[in-house]
Amino acid sequence: MSRFALEGVHILDFAWVGVGPITTKYFADNGADVIRVESAARPDVLRIGPPWKDAMPGINRSQFFASYNTSKKSIALDLGKPKARELAKRLVPWADIVVESFTPKAMRKWGLGYDNLRELRPDLIMLSTCMQGQTGPNALYPGFGQLMAALSGFYYISGYGPGSCTPPYGAYTDFIAPRFSAFTLLAALDYRRRTGKGQYIDMAQYEAAMQNLAPALIDYHATGRVLGPQGNASARYAPHGAYRCADEDGNERWIAIAVASDEQWRAMLAALASESTDPRFATAAARIENAAAIDQFVGSLTRAHNAHDLTAKLQAAGVAAYPVENCVDIHQDDNLEVFGFWHWLEHKEMGPSPYEGLEHRMSRTPGTLRSAAPILGQDNDEVFREMLSLSADEIEQLKKENVIF
Amino acid sequence: MPSELLKGFRLLDLTDEKGALCGKMFADLGAEVIKVEPPGGCSTRRIPPYLEDKADAEHCLYSIAYHSGKKSVTANLANADGRALVADLATQSDFLVESHPLGYLDSIGLGYDALTKKNPRLIYASITPFGDTGPGKDYNWADIITWAAGGVMYLMGEEGKPPLQMSLPQAGLHAGGEASVAMMLAHYPRQIDGLGQRIVVNMQACIVWTLMNEQAMPFLHGSHLSRTGIFVGSADARRKMVYECKDGHISILIAGGVTFGNSTKALIEWMHENGFGSEWMRTKDWISWVPGVFMKMTEQDYKEIEDLEATIQRFLLTMTKHEIYAQGLKRRIFLAPVATAADIAADEQLKARDFWMSVPHDTIGRTLTFPGPFAKMSATPIGSTTRAPRVGEHSDEIYRGLLGLASERIAKLRAAGSI
């Protein structure tokens, strides 16, 4: 048995930014050979995205890029040049899977579309992932996950109530789509082994993201009801929300609490050394009905407590609770620590920096962050010299012509 | 038809809302997914809201959406016969996914060790709120707890107001998706050597992963964000990203540089054509203007951004979401409407891609429209799905067909409350 689940699997990765690289990261961390074909003329925008080592920008200093590109190799070409595209094509027979995430016309314009590439490898599996899919009037929509999160409905369900819009941080849908694309690619790989058939996969970030809103979309189509922003109100729990705790070091602290039953309600009051005879809070239905009043009441009880201590107390009493953690807290979180989530990897230019680990653990063929992200073109030599058998002179010439960087 | 991709494989789905999406994804790709639930139905059958506010399992929108394509059998895990049925099903399954409190299935003989003794091929995934070893391994859970523990909630909302969750809880969906990926990762070596394995999905980690570039800020920049409201970015690049328009909101990414500069220029030209904006906006070199990246924001920069954002706001108030989006597409401006379910349902792009799927629901006497496939595949397309099963709808079919039980035996099990 090989040590990693996907040893021997080869991926040629033309993708950039979020969804594509996050998809191939699953493969790379599980032993597949992933070569990122990067354009030095137009680098992955994440390479210049913050945060940077010591807050100093640089093409090889971004943790934003580094987080999504562990365990991968990098070659640097200028795909705008025909000779660079020829080099890329010479790698296709090696590849089980090709992934790309440009706006739809780019790969075809370069002669690197699925129809071109499968001539070089008939059983190729190719994934194209872009904002709105390869077809349709808006196929060329340029964008990022921040905009897609608005377009696919997530911004609209984020807010304190009607008219309020306070979106989730960042490019939310970039973190939904890869779970679908990686799953599909892995299944396609197994299908090919069984049948010999490769295929082309067209994934729109838009369409994948909407899987996470399916109940609301089905409801609208059937009844015209539109799910809107409703703060932290829930039809199942009350109290349900974030409640202010005692400040620590001048920073505000909050605790999330969800109470489903009378038993939990009584346990919560006991843990907070309080009681209530308010008829509005007497039954679960009444509490849900009077969520605003209950939020105020619970908030007045939690205000003096330390969020961590209160979490332990409430959980011991059978109540769902957890501190609302910020980005410092998550690095000090006991549960993530015991799970072994965080990794400090040694990067060629950045030195040690913090990487998110895997979100699951496998007992027999566990994946891991095999290496820090590559610096741009780090594996040029290995790929051009060893895999493509170019001579030192040829490589030198291609560098002069700005084909290779 | 579901896809042919995973045809012939069988998954036992013992999850609640921490993992229902997992089985749904397998069903979409053609696996036979058997949902095992207690008599009377599992907790996911009672999640509001309900279609037409009819509070029963058939109208539960969560079930309708995330159990489609599955089969349902009932098995009462509180009694030995019910447990034996599940153990027998597991010997004939390729995958099992569950989200019970940690240790529960072990305690009733349905844990990984017990089931893989009889079926070493089995891939067995447990979805856990905080992993299987940490201090929170037995914690009480609700979706908002993971949202808080994952660091996302802290960043969502406005200063001076509480941190927020989305109005449709998301953590369980991320965990379900992650379980699908992990099980397919384990499937690859299993197809070579015939051995399954145990997977533990950590929901907290699944949400931390969605924090994008923010997690490392405290270490690399010595700062971290608080709730950003309608603004994006770190302190140096703070930019308004949500604007009001005639009938709702619009999101725009305003920035300079190679990637964003042309979009910002196109927006300024569009405003100029309509008599909005000042000359400095048109003449400024947006391509080389990258505060926060390679330069510090100056007083002048802040003033200009404030002026630009105020102008954009006045301009957008003259139009609807639809009008703005159409122009944004035409002019290649990085913008998007803050779309409602109604906007999405009307979207021409999705119609052109034949995205929506009709799924007949004889259970409630109507056909419902579902979001379509998450991917278009050339060799093994995902076509239609089937409606969510009634609780126990396939008990007879599965227990008779798969386990070979006689009708009398099934009747006895039913009478004893085992199924």
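In this predicted model, A:D202 has B:K376 of β14(B) as its bridge partner. The two strands concerned, β6 (residues 199-204) of chain A and β14 (residues 376-377) of chain B, pair in the antiparallel sense over 2 bridges. Strand pairing of this kind rests on backbone hydrogen bonds, in either a parallel or an antiparallel arrangement.

A sheet that includes strands of both chains is also present. This open sheet has 7 strands with mixed pairing, in the order β12(A)-β6(B)-β5(B)-β4(B)-β1(B)-β2(B)-β3(B). Its edges are formed by β12 (360-362) of chain A and β3 (71-74) of chain B; each has a single partner strand, so one side of each is left without a neighbour in the sheet. On average, and with direction ignored, neighbouring strands of the sheet are turned by 20 degrees against each other. Helix α1 (residues 20-28) of chain B packs on this sheet, where it touches β1, β2 (32-37) and β4 of chain B. The direction of α1 makes about 155 degrees with that of β2(B).

The strand pairings described here are set out below.

| Strand | Partner strand | Sense | Bridges |
|---|---|---|---|
| β6 (residues 199-204) of chain A | β14 (residues 376-377) of chain B | antiparallel | 2 bridges |
| β1 (residues 10-14) of chain B | β4 (residues 95-98) of chain B | parallel | 4 bridges |

Within the parallel pair, B:L11 stands opposite B:F95 in β4(B).

Contact between the chains involves 127 residues of chain B and 128 residues of chain A. On the side of chain B that touches chain A, α8(B) gives the most, with 14 residues. That side divides into 82 nonpolar, 34 polar and 11 charged residues.

The largest nonpolar core has 262 residues, of which A:I255, A:A256 and B:I145 touch the most other members. Helix α8 (residues 171-193) of chain B supplies the largest share of this core, 11 residues. Leaving aside neighbours within four places in sequence, B:I145 is in contact with A:A256, A:A258, A:A320, A:A321, A:Y322 and B:P129.

Chain B is assigned domain 1 (10-209 + 389-415) and domain 2 (229-338). The C-alpha centres of these two domains of chain B lie 45 Å apart.

One further residue of chain B, B:D307, is found in helix α13 (residues 299-316). B:D307 counts as partly exposed because it has 14 C-beta neighbours inside 10 Å. Its C-alpha lies 9.3 Å from that of B:M281, although B:D307 and B:M281 are 26 residues apart in sequence.

How values were computed
Residues are numbered from 1 along each chain as its sequence is written. Chains are lettered from A and ligands numbered from 1 in the order in which they are written. This is a predicted model: local features need pLDDT of at least 70, side-chain atom pairs count only at pLDDT 80 or more; totals for chains, interfaces and linings use all residues. Two strands pair if DSSP finds at least two bridges between them. Axes are lines fitted to C-alpha atoms, for helices over the stretch in contact, and angles run from 0 to 180 degrees between N-to-C directions. Two residues are in contact if their C-beta atoms, placed from the backbone, lie within 7 Å. A residue is buried if 20 or more other C-beta atoms lie within 10 Å of its own, exposed if 12 or fewer, and partly exposed in between; C-beta atoms are placed from the backbone. A nonpolar core is a set of buried Ala, Val, Leu, Ile, Met, Phe, Trp, Tyr and Cys residues joined through C-beta atoms within 7 Å. Domain bounds come from an automatic or database domain assignment. Ala, Val, Leu, Ile, Met, Phe, Trp, Tyr, Cys and Pro count as nonpolar, Asp, Glu, Lys and Arg as charged, and the others, Gly among them, as polar.
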